[in-house]
Amino acid sequence: MSSHSHNDPDRTSDAPLLAARNLTKHFPVKGGGSRVVHAVDSVDIELHAGEVVALVGESGSGKSTIARLLAKLMPHTSGDILLEGTAVTARFGRRFRNYCRRVQMILQDPFASLNPIHRVRYVLTRSISIHRGRMSRDERERMLRELLERVDLTPPERYLEKFPHELSGGQRQRVAIARALGADPEVLLADEPVSMLDVSIRIGVLNLLRDLKDRFHLAVLYITHDIASARYFADRTVVMYAGQIVERGPSEAVTQHPLHPYTQLLIASAPDADRLEEREATEATGEPPSLISPPTGCRFHPRCPFAMERCRTDAPPMFSAESGHESACWLYADDAEAERAAAFGAQTPGEAQA
Ligand code: ATP
Ligand code: SF4
């Protein structure tokens, strides 16, 4: 499906398909003078073809803002967005349209994202004609069917003439996914794609996204507040807190051996991880901080049971544990042994929580 990019002469071979470097978004506060909301601060993230990355964090941590920045729905304050290693700066014109075709977004609410006055046929026809240009009637008809089959809405004729209100939430989300596929994308940015759906059908939609990723070698960003579903669905997991990344690594490592105290709190407050279908995720205890004047040092320090003196003043950099598993926490600094012992005996924070 995505054969076009492989001929690109500018392509830097080992670069991630889509990446953000030092991505920052500050929203001005209405009537607040020069004050801003630090929604996203210096975030690095990489998406590779054929891989799902989960972006996890509680409400207000900046996840949706990252998706909207990557989708170019609004400008970023600073930092870079790189497609195959090349910074994307276009805001209009051919290059911009090409970017928008390659990087598609799937929204949380399929009710809001599908216009109620249009039939499925119109929604999909529009997507393919915007992104793929002219084609014969037969060709278009074949493509409409193929798109519906790809999202398991079969037989296609049963769905083509339907209006959104004639479909279930899950079917509607599948139409939204088919619309995104109509652009022949390489990246899917899925912002809480199943959280509005009935719990019983969530796994079906996540499995569909995973199958599509495998079949078409897509890079998928899966945004969720539910860290247990990240383990189930994503190859790598990135955890955000108050506009910053606090931990990242292979999903298995991040969810089974979380390093950062915030990730540990998220996991401890998530209901039974093995019963994905039967639960609603809950939020971690304690209040998220103000993003207008975020806490100094480590932004998690007011809620952290292990906070040390330096946590209040110095922002921790990313420290590597093993094989790509990293955490922004002073507990993992090479010189932190003594402080760790003072903070909670000789245990690791994981043991201390258990
Ligand atoms: P949720 O899961 O609730 O969507 P989130 O993690 O996706 O949360 P964002 O929606 O990215 O978080 O919001 C991050 C912060 O930026 C929040 O404090 C939010 O209030 C603020 N914010 C988002 N959009 C705007 C905007 N257009 N203007 C001002 N502030 C905004
Ligand atoms: Fe807690 Fe300090 Fe680690 Fe922040 S840096 S999570 S306050 S121990």
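**View 1. Helix 1 and the shell around ligand 1.** In this predicted model, helix 1 gives the most to the shell around ligand 1, chipping in 4 residues. This helix covers residues 63-70, and strand 2 (36-47) joins in too, with each of the two supplying at least two residues of the shell.

**View 2. Who sits around ligand 1?** Count the neighbours and you get 13 residues surrounding ligand 1. The closest are S59, G60, K63, S64 and T65. What kinds of residues make up this shell? It's a mix: 6 are polar, 4 are nonpolar and 3 are charged.

**View 3. Zooming in on the oxygens of ligand 1.** Start with S59: an N or O atom in its side chain is 2.5 Å from an oxygen atom of ligand 1. Then look at K63, where a side-chain N or O atom is 2.9 Å from an oxygen atom of the ligand. G62 uses its backbone instead, with an N or O atom there lying 3.0 Å from an oxygen atom of ligand 1. How much of ligand 1 does the protein cover? On its own, ligand 1 has 620 Å² of accessible area, and the protein covers 63% of that.

**View 4. Stepping back to the chain.** Now for the rest of the scenery: the chain has 13 helices and 12 strands. It runs to 354 residues, and 51% of them count as buried. Take the contacts between residues at least 6 apart in sequence: 66% of these join residues at least 24 apart. As for the outside, the accessible surface comes to about 16400 Å², with 49% of it belonging to carbon and sulfur atoms.

Conventions:
Residues are numbered from 1 along each chain as its sequence is written. Chains are lettered from A and ligands numbered from 1 in the order in which they are written. This is a predicted model: local features need pLDDT of at least 70, side-chain atom pairs count only at pLDDT 80 or more; totals for chains, interfaces and linings use all residues. Side-chain values use heavy atoms; hydrogens and water are left out. A residue is near a molecule or strand if one of its heavy atoms lies within 4 Å of it. A polar contact is a pair of N or O atoms within 3.5 Å; within protein, one must be able to donate a hydrogen and the other to accept it, and residues adjacent in sequence count only if both atoms are side-chain atoms. Accessible areas come from the Shrake-Rupley method with a 1.4 Å probe; for residues, only the protein chains shown count as cover. Ala, Val, Leu, Ile, Met, Phe, Trp, Tyr, Cys and Pro count as nonpolar, Asp, Glu, Lys and Arg as charged, and the others, Gly among them, as polar. Buried means under 20% relative accessible area, exposed over 50%, partly exposed in between (1.4 Å probe, protein chains only). Contact means heavy atoms within 4.5 Å.
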